[in-house]
Amino acid sequence: MNVIEITDIVKSYRRGSQRIRVLEHISLTIANGEFLSLMGPSGSGKSTLLNLIAGLDQADSGSIRIGGTEISTLSETGLAAWRAGRVGFIFQFYNLIPVLTAYENIELPLMLTSLSKKARHAHVITALSLVSLQDRMDHYPRQLSGGQQQRVAIARAVVTDPTILVADEPTGDLDRQSAEDVLELMDQLCTQLGKTSVMVTHDPRAASRAHTLKYLEKGVLSDAPQAAVSECLQT
Amino acid sequence: MRLKLLFRNVFRHKLRAFLTIVGICVAILAFGMLRTVISAWYAGVNASSSSRLITRNATSLIFPLPISYLEKIRGVNGVREVSYSNWFGGIYIDAKNFFVNFAVEPRSYFDLYPEFVLPEAQATAFFRDRKACVAGQKLAKRFGWSVGDTITLKGTIYPGNWDFVLQGIYHGKNAATDENQFFFHWSYLNESLKKNDPRRADQVGVYIIDLKHPDMAANVSEAVDALFRNSYAETLTETEKAFQMSFVSMTEAILTVIQIVSCVIIAIIMAVVANTMAMSVRERMGEFAVFKTLGFGGGYLSMLILGESMALSGIGGILGIALTFPAARAFAEAVGQFFPIFHVSLDTIFMDIGAAMAVGAVAAMIPMWRVIHIRIADGLGRTG
């Protein structure tokens, strides 16, 4: 069963008086529990595509159905509510709130739910144990290493039990070991918990952990050939 | 969590938060002090009674009225009691020891001014002794006077040294009553003038009329002035409030300037806090984008910003208000002779609170607008 169904989407940006086409008639389907990696050179439109899948931006035309919901027709408020319940985000630079502890950062998305404090606590503890950071729950982001911060970010992404996970260069700011740990965790989320993940990356090692590899160049999506992976390595 | 987040953000940059709070505190303190000066200026007006009229010479207050008018005024329909007073302008030891001193007809005067509360035994002693005087308790405290002391005033309008025996110390019925005044017998002054300067004898500065009912003010004023129309000393009768206002209006330009300065202070601190909030929000645009990504709406985030701004202004405002009280006390002690009623009124506190809230609200406006309208992709700084 497909969780993500993208049909013929076009996206352009206005830069001054010019209109720059970023995505050209993209169609893509991703099955439930699939781990898809998007590669491509800088400016190819992969982050834009990720933004559209995550409901952070709107396409000029085309359809995006996620978990049966047509999100291209949702209002901004509707999208915000949809994101809160359906999407988990993992960023390159973790994007944790520096004034909140690890526990509080993970609890943050739950503030938009009707869960009681007790229920929220149970969810946060579960998410913390998933990333093996129970002993760091009272630490502020500045007191954690990069790898630990990214694990907190993953815990924050999964605490609401979202339909899909989107990750933008999740290993881009990590050393090899931490990157490996994070990728292992993402793999587990897909294989053991059935989460559907879309990851944008420049790192072929990271991309190789995905079940499916797609390549985007000049706004056109294709299956990633080995040559493209190699080229990506070089750039 | 919301409050925790709000206060942690407020104090994220401790030095900046501290300096902003100090700025707001000083601004609110200055605003409160200036408003208190304005209130003090109007203290006489506010303390005046609606049932009292003042009759003075129509030409100018500096020209006296004959004592012979007393009985005629007393006979006007609607008049309950009449008293009179003369501005004496005496100096105690040195000119810098300024205080208000009047020659009055004691019984009727204290009958007309029940806000001056004098113990019965002291009142009796004051009424009986022609050389007696009474002083307000703040004045007595200022110069260390006790009942029985001899006080000598040097006359400026009425030359010579004038000795009085302090027979009473009055206190005010309420906080608005001036306790810095000095009263003595008009008859003592008049008898001396009869001997030394008969041309100035049998004259009073103003008549004070107590009405049977405040509604009769217009009719009584008209009737009194009609009595002396075309005489050599025509009268002008007005309510005590209007009489007091005529003194305030002489200094209206100063009051206007003080009012403008108090508003300018608030406008300046508004700009300072707005700048602080704008900087704080600009630095955290990425964080706000993360909040939006997670599903938090613009309304939630703008309330967070408004809360931060209000918290900064609130803390500064509370400190400013708290400091206004000791500052006002110190100011009153330093210049009490010019502002006998100098206390921070409830109105001033409400205005302080209003000003602090306005600072907080206005300072948050532009940052709120920016956060509501920021695109997530721009905030996160990641496109294509």
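A strand, as the word is used here, is a DSSP run of E with at least two residues, numbered from the N terminus. Keep that in mind for the first stop. The model on your screen is predicted.

**Stop 1: Val79(B)**

Select Val79(B). This residue lies in strand 3 of chain B, residues 79-87. Is Val79(B) buried, partly exposed or exposed? Val79(B) has 19 C-beta neighbours inside 10 Å, and a buried residue needs 20 or more, so Val79(B) counts as partly exposed. Now show its contacts. Leaving out residues up to four places away in sequence, Val79(B) touches Ile73(B), Arg74(B), Ile209(B), Leu211(B) and Val220(B). Next, add Val22(B) to the selection. The two residues are 57 apart in sequence. In space, their C-alpha atoms are 56 Å apart.

**Stop 2: the largest nonpolar core**

Go to Ile24(B). Together with Ala155(A) and Val166(A), Ile24(B) is among the residues with the most contacts inside the largest nonpolar core. That core has 114 residues. Which helix gives the most to this core? Select residues 14-41 of chain B: this is helix 2, and helix 2 supplies 11 residues. A separate core of 49 residues lies apart from this one, and includes Tyr69(B), Val82(B), Val104(B) and Leu166(B).

Return to Ile24(B) and look at what surrounds this residue. Beyond four places in sequence, its contacts include Ile269(B), Val273(B), Leu312(B), Ala356(B) and Val359(B). Gly316(B), Gly317(B) and Gly320(B) are also among them.

**Stop 3: two packed helices**

Select helix 11 (252-283) and helix 14 (346-373) of chain B. Their axes are 8 Å apart, and the helices pack at an angle of about 35°. The crossing is right-handed. Colour the contact residues. On helix 11 of chain B they include Ile266(B), Ile269(B), Met270(B) and Val273(B). On helix 14 of chain B, look for Val359(B), Val362(B), Pro367(B) and Arg370(B), among others. The residues of this contact divide into 16 nonpolar, no polar and one charged.

**Stop 4: where the chains meet**

Show both chains. Here 19 residues of chain B are in contact with 26 residues of chain A. On the chain B side, helix 1 (2-10), helix 12 (285-294) and helix 15 (376-380) each supply at least two residues. Helix 12 of chain B gives the largest share, six residues. How many residues of each class does the side of chain B that touches chain A have? There are seven nonpolar, seven polar and five charged residues.

**Stop 5: a hairpin in chain A**

Select residues 2-15 and 18-31 of chain A. These are strand 1 and strand 2, which run antiparallel and are joined by 10 bridges. Find Tyr13(A): its bridge partner in strand 2 of chain A is Ile20(A). Two residues sit between the strands of this hairpin. Click Gly16(A), which takes a positive phi near 65°.

**Stop 6: the six-stranded sheet**

Stay in chain A. An open sheet of six strands has the order 6-7-8-3-9-10, with mixed pairing. Its edge strands are strand 6 (87-90) and strand 10 (220-223) of chain A. The twist averages 20° from one strand to the next. Now isolate strand 7 (164-168) and strand 8 (196-200) of chain A. They pair in the parallel sense over five bridges. Ile164(A) stands opposite Thr196(A).

Add helix 1 of chain A, residues 46-53. This helix packs on the sheet, and its direction makes about 155° with that of strand 8 of chain A. Last, select helix 5 of chain A, residues 146-158. Helix 5 of chain A lies across strand 6 and strand 7 of chain A, at about 170° to strand 6 of chain A.

Key. Residues are numbered from 1 along each chain as its sequence is written. Chains are lettered from A and ligands numbered from 1 in the order in which they are written. This is a predicted model: local features need pLDDT of at least 70, side-chain atom pairs count only at pLDDT 80 or more; totals for chains, interfaces and linings use all residues. A nonpolar core is a set of buried Ala, Val, Leu, Ile, Met, Phe, Trp, Tyr and Cys residues joined through C-beta atoms within 7 Å. A residue is buried if 20 or more other C-beta atoms lie within 10 Å of its own, exposed if 12 or fewer, and partly exposed in between; C-beta atoms are placed from the backbone. Helices (H or I, at least four residues) and strands (E, at least two) are DSSP runs, numbered from the N terminus. Two residues are in contact if their C-beta atoms, placed from the backbone, lie within 7 Å. Two strands pair if DSSP finds at least two bridges between them. Axes are lines fitted to C-alpha atoms, for helices over the stretch in contact, and angles run from 0 to 180 degrees between N-to-C directions. A crossing is left-handed if the near helix is turned anticlockwise from the far one by less than a right angle, and right-handed if clockwise. Ala, Val, Leu, Ile, Met, Phe, Trp, Tyr, Cys and Pro count as nonpolar, Asp, Glu, Lys and Arg as charged, and the others, Gly among them, as polar.
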